[in-house]
Structures are given as C-alpha cells and as structure tokens.
Amino acid sequence: MSFTFKYCSLIFLIINPLILTSGDDIFPKVEKQSTKIYLDRFTVYIADSNVPNLGVHCHSFDDDLGDMPLLPNQYFHFTFRQNFMYSTFFSCNFSSIAPNKEITKSVVFNVFDFDISVVCRYPTKNCYWLARDEGFYFSVDNKPFPNGWTMNHTWQW
C-alpha cells in the first residue's frame, strides 16, 4: 500500500464519524404538529325570494339534508368543512309545488363544488343562492338584490 492511500484512509476514518454525528444539525428541529386537519369551513345559504311552495332537497356524497319546504322570504343554511381533496359537493333538487301537490317546475344543480368553492373562498367562505320565478341567482356577499347577484340556473318546465 502506498503512503497516500494509508494517509487518505486514516483521514476518512477520523472524519467519517464526525459527518455521521453532525447530520442531526443539518435541518432545524420541527416541533410535533397537531394531527388535526384544519380544512376550509363553508356555509351555503338558500333563500326563496318569490317562489310559492319551494321544495328543496340537498345532499352530498356523505350527507342527505332531507326535504326543506320554503315559503317566500324564508331561507335555510348548512355549514360544513371541505374535504382534503377539495371534492366536496352539495347538489340540490328544487321544485315549485302547486297547491294540488303537483310539481310545476324543477331543476337540479350543485350549490357547492370545487368551482364554487374557489369563488366563495373570499371574503367570507359563504355562498348565497336565491330562488326566484325566473331562476336561481348566486352571490358571495349577500348584497340587496339585484346588486352583486348573477343568474346561474333557470327552471326546467
């Protein structure tokens, strides 16, 4: 063996334990984080502006909110947390029910999904839906109608 190889081997044996033991200081210590996942909390409001005997039935993949009868100027709301994959949705079936219990018009659409969550996220994480004779309006800030409201869906006859 040559002198150079012995010398390099000796240096390696001395330095190698220093490298192995100093590795703990390369990354700063991270405190143990909470295992709770804080996901965005949203509230969806559905109001009846002027549709007599509005029937609403909302559901998601996990939850069925049941039938909600609304009269003009009534509303209901529900609050939930969006899942970690941002795939949470709530779909609602809206029906206008005549006094003889016959459905005169109806429509089904998502009142919350990924696209709506992007719009509702700021400033309040609130989504507002307003049912009217001509269709359904959407808003994120609940200003007096028609300011800030956009028609998103029409009735199916």
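## Phe136 and Trp155

Phe136 is buried in this predicted model. Its relative accessible area is 1%. Trp155 is buried too, with a relative accessible area of 5%. Both values fall in the buried class because the cut-off is under 20%.

How do the rings of Phe136 and Trp155 sit relative to each other? Their centres lie 4.8 Å apart, and their planes meet at 50°. That angle is neither under 30 degrees nor over 60, so the pair counts as tilted. Phe136 belongs to strand S8 (residues 135-139). Trp155 sits in the segment after strand S9 (150-153). The two residues are 19 apart in sequence, and their pair links distant parts of the chain.

## Phe80 and Phe112

The structure holds 17 aromatic pairs. One of them joins Phe80 and Phe112. The centre-to-centre distance is 4.8 Å, with 75° between the planes. This geometry is edge-to-face, because the angle is over 60 degrees.

Which strands does this pair connect? Phe80 lies in strand S4 (residues 75-81), and Phe112 lies in strand S6 (residues 103-112). The pair therefore ties together parts that are 32 residues apart in sequence.

Phe80 has a relative accessible area of 10%, so it is buried. Phe112 is also buried, at 0% relative accessibility.

## The aromatic cluster

Which residues share one aromatic cluster with Phe80 and Phe112? They are Phe42, Phe76, Phe78 and Phe90.

Notes:
Residues numbered from 1 in each chain as written. Predicted model: local features only at pLDDT ≥ 70, side-chain atom pairs only at ≥ 80, totals over all residues. Heavy atoms only, no water. Phe/Tyr/Trp six-rings, centres within 6.5 Å; stacked < 30°, edge-to-face > 60°. Helix = DSSP H or I, 4+ residues; strand = E, 2+ residues; numbered from the N terminus. Buried < 20%, exposed > 50% of the residue type's maximum accessible area, 1.4 Å probe, protein only.
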